[in-house]
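These entries record, in order, what I looked up in one protein chain. I kept each entry brief and wrote down the result beside the search.

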Amino acid sequence: MQLEDIEADGESTIHEWFGESALLAEQASSSENFEPIAIADRFEQDLSYIDDVQKAASTAIVRGYVDRERDSFAARCAAYGLLTEQGTTKLHDRLKPALAENSANDPRWPGDWEASIARFSQLVAGAHEVIWSDRYMYRDIQSLRAFLKKVTERTTCSIRLLGGQTLSDRSISVAEMLLINSLAFVEARWMTDADYRTLHDRHLDTGAGGWVVPQVHVIVGKQDPGSAVAAPTASFGVDYSAVWRRSLKP
């Protein structure tokens, strides 16, 4: 790395995140406001990158450091930014759940809390804002808030929540909604009655299409995922931007 124009603390941060990767150092230092999470977002969303690393550097990734004597040139190249001779980088720690999967394209929803956070963060990575729609979104406010707090620590994406105002025999209170809305980069609203009747599926709208996702209780770790999957889609058959505009603020 050649970082003559970067202050010492900035250089240290870049090295902690990306090791000796000149490419990532250049990306990080080219912005006035260095946001390593934004760079990590792009790599976590790039499933072809995850797949390439798994194929070329799986042994090094499992070992946890680069060995210049034993690792091939291809493995060392693939591991740049993730591993150094001393150990792992913060980028590696961020991508660890994705790198550990048997397949980067595995649609199954994970049952582990941390892996679920990583999977959801992967779905929203690279998007400026998303709309997450689930009629039963607010059934467990505390778990949802804890989950979103972890996600927003890993991504720069703004998350808009759409859920029903009532659940079985109770109504979701304004206080509960404000607890969610107190999180940075999160805004929660109620669906209108008309939209509640029509929005049956659980969707994550990322702008140009998005994902059909499991129910909220699975995602936040309150229910075993079983056969639940996240499936990409180019269209939902509903204009979520319009739904959001007419949604109800608490």
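**Entry 1. Terms and overview.** I first fixed the term for surface exposure: a residue is buried under 20% relative accessible area, exposed over 50%, and partly exposed in between. I also noted that the model is predicted. W113 was my trial case: its relative accessibility is 32%, so W113 counts as partly exposed.

I then looked up the overall make-up of the chain. I found 12 helices and 8 strands. Of the 250 residues, 46% count as buried. I also looked up contacts between residues at least 6 apart in sequence, and 66% of these join residues at least 24 apart.

**Entry 2. Aromatic pairs.** How many aromatic pairs does a search of the whole structure find? The search gave 6. One of the pairs is W113 with F147, which is edge-to-face, with 6.0 Å from centre to centre and 70° between the planes. W113 belongs to helix α7 (residues 113-124) and F147 to helix α8 (residues 141-152), so this pair ties together parts that are 34 residues apart in sequence. I compared this with the accessibility of F147, which is 0%, so F147 counts as buried.

I next looked up the pair of F236 and Y240, which is also edge-to-face: the centres are 5.5 Å apart and the planes stand at 85°. F236 and Y240 are both buried. Finally, I recorded a cluster in which ring pairs link W113, F120, W132 and F147.

**Entry 3. Helices α7 and α8.** Having met both helices through one ring pair, I looked up how they pack. Two packed helices are described by the angle between their axes and the distance between the axes. The axes of α7 and α8 come within 9 Å of each other and cross at roughly 60°. That angle makes α7 oblique to α8. The crossing of α7 past α8 is right-handed.

Which residues of α7 and α8 meet? On the α7 side I listed W113, S116, I117, F120 and S121, and on the α8 side S143, A146, F147, K150 and V151. I kept one general point beside this list: an α-helix has 3.6 residues a turn, so residues three or four places apart point the same way.

**Entry 4. Charges over rings.** I looked for charged side-chain ends placed over aromatic rings. The charged end of R63 sits over the ring of Y65, at 5.2 Å from the ring centre. In a second case, R135 lies over the face of Y196, and the distance to the ring centre is 4.7 Å.

**Entry 5. R70 and D52.** R63 and Y65 came up again when I looked up R70, which touches both of them, leaving aside residues up to four places away in sequence. R70 is in the loop between α4 (47-63) and α5 (73-79). Is R70 buried or exposed? Its relative accessibility is 58%, so R70 counts as exposed. The C-alpha atoms of R70 and A60 are separated by 9.4 Å, and these residues are 10 apart along the chain.

I then turned to D52, which lies in helix α4. D52 is partly exposed, with a relative accessible area of 47%. D52 and A75 are 23 residues apart along the chain, and their C-alpha atoms are separated by 9.9 Å.

**Entry 6. Two buried places.** I looked up how far helix α3 (residues 36-45) is covered, and found that 7 of its 10 residues are buried. The buried residues of α3 are P36, A38, I39, A40, D41, F43 and E44.

The second place was D195, in helix α10 (residues 193-198). D195 has a relative accessible area of 6% and is therefore buried. Leaving aside residues up to four places away in sequence, D195 touches V243 and R246.

**Entry 7. A positive phi.** Most residues other than glycine have a negative phi. I looked up F185 for this reason, since its phi is positive, near 70°, in a residue other than glycine. F185 is in the loop between α9 (174-181) and β5 (186-190). Its relative accessibility is 47%, so F185 counts as partly exposed.

Key
Residues are numbered from 1 along each chain as its sequence is written. This is a predicted model: local features need pLDDT of at least 70, side-chain atom pairs count only at pLDDT 80 or more; totals for chains, interfaces and linings use all residues. Side-chain values use heavy atoms; hydrogens and water are left out. Rings of Phe, Tyr and Trp (its six-membered ring) pair if their centres lie within 6.5 Å; planes under 30 degrees apart count as stacked, over 60 as edge-to-face and the rest as tilted. Helices (H or I, at least four residues) and strands (E, at least two) are DSSP runs, numbered from the N terminus. Buried means under 20% relative accessible area, exposed over 50%, partly exposed in between (1.4 Å probe, protein chains only). A charge sits over a ring if NZ of Lys or CZ of Arg is within 6 Å of the ring centre and within 35 degrees of the ring normal. Axes are lines fitted to C-alpha atoms, for helices over the stretch in contact, and angles run from 0 to 180 degrees between N-to-C directions. Angles under 35 degrees count as roughly parallel, over 145 as roughly antiparallel, 65 to 115 as roughly perpendicular and the rest as oblique. A crossing is left-handed if the near helix is turned anticlockwise from the far one by less than a right angle, and right-handed if clockwise. Contact means heavy atoms within 4.5 Å.
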